[in-house]
Every structure is written in C-alpha cells, then in structure tokens.
Amino acid sequence: NYIENANSYKLKYYISYCDDFNTTRQVSILRRGHTGGATELLADINPISLTYESSDDFKFSPIRPSQAEVFMIFNSEGTIDFEEFWTADEREFKVQDVKDTVIEWSGYVIPNGFQYEVKGGLYYASIQASDGLSTLEGIPFVDDNQKPYGNQDLVYNNEFEFPPSLIITEILRKLDL
C-alpha cells in the first residue's frame, strides 16, 4: 500500500471513488499500530468534504486550519464500530484524501467527531478530522537540540535565510503530517 508511512500507521478502512473529473481517489482511514487488513467502505454521494477556518478577516491569513468530514454508508452488519474512534489518543486515527496516489489532505480523527443515523435500514455515518494547524501556535519552532531555527548557519539554507520550503517541511514534521 502506498498509504503506509514511517510512523507505523496502517490502512484500516478506505473508500475508493472517482471525482467529478473522473480522477481516481481514495479516502483512507489509518490506525497507528493496526495489524489487520484493510476494509473497503461504501461512500455517501460525496465521500469527503473539506472546510477551512479563518479566525480573522484577512483573506490571505498565513495559517488556515482545515477540517474534513468523511461520509460513509453501511448496513446493520457493518464492519465498522464507531466507538473505536472515541479514544484518548487524538492521533490514533489518521484520515488521508488521496488523488492519483498523491496525498491531497491529511489530518487526525477528532475523537468525538462522529455521528450516524439509520434511514431505510442503512447507517449513514460520518467522522470528522482536523489537520492540527490550529495547534501549531503552541508548538515551539526549534530543532532537535531545542535551538530556534534560523539562528545558526546551516549548509542548506543560504547562510542565515531559512527557505519557505524548509519551514513548511518542518511544520508538517512537527504535526506528524
């Protein structure tokens, strides 16, 4: 599976679908430490919906956290128990939106962000996930030696300039995304 990563997250559930442009997509729900196989779930009309938050009126705010809601359908013999998402570890389950093998969005399931209702013998369920950017302000921007980035001359950063690509990479690393 191209979804597995070095942080021992393994694919547990997935929804395969084609978007409006006939592009192959997959919504993946990964679980840290999962040892079993992956189970395909049925999707609602729109399997995933992304929303972006903005706490200020500035249109180009540098940090815009996002949330995803994943919509699924299953019958009473469903292969998913939603109570497993109710966990104290906010990073136990990861959601990824994959387009042609490229991860378009990634975030963690919000432990109490799930709901379902029964209509016509089918369960219409959804879970919510967050990318974690709203927590970024509380994470120190320091290297592994606890020294602030940009205060040392590094080989790869053009003397004391810290390229935006390295800043973005470090932010994603700190959020484990």
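**Notebook: core, aromatic pair and pocket**

I looked first at the largest nonpolar core, where Ile29, Val70, Val95 and Ile127, of 17 residues, touch the most other members. Such a core is a set of buried Ala, Val, Leu, Ile, Met, Phe, Trp, Tyr and Cys residues joined through side-chain atoms within 4.5 Å, and buried means under 20% relative accessible area (1.4 Å probe, protein chains only). At least two residues of this core come from each of the strands E1 (9–18), E2 (24–32), E5 (66–75), E6 (93–99), E7 and E8 (122–130); strands are DSSP runs (E, at least two residues), numbered from the N terminus.

The model is predicted: local features need pLDDT of at least 70, side-chain atom pairs count only at pLDDT 80 or more, and totals for chains, interfaces and linings use all residues. Residues are numbered from 1 along each chain as its sequence is written, and side-chain values use heavy atoms, with hydrogens and water left out.

I then looked up isoleucine 29. Beyond its neighbours within four places in sequence, its contacts (heavy atoms within 4.5 Å) include Leu11, Tyr13, Met72, Phe85, Val95 and Ile127.

Next I turned to aromatic pairs, and I found one. Tyrosine 9 and tyrosine 108 stand 6.4 Å centre to centre with 50 degrees between the planes, a tilted pair. Rings of Phe, Tyr and Trp (its six-membered ring) pair if their centres lie within 6.5 Å; planes under 30 degrees apart count as stacked, over 60 as edge-to-face and the rest as tilted. Because tyrosine 9 lies in strand E1 and tyrosine 108 in strand E7, the pair ties together parts 99 residues apart in sequence. Tyrosine 9 is buried at 1% relative accessibility, and tyrosine 108 is buried at 5%.

Note on methods: Buried < 20%, exposed > 50% of the residue type's maximum accessible area, 1.4 Å probe, protein only. Helix = DSSP H or I, 4+ residues; strand = E, 2+ residues; numbered from the N terminus.
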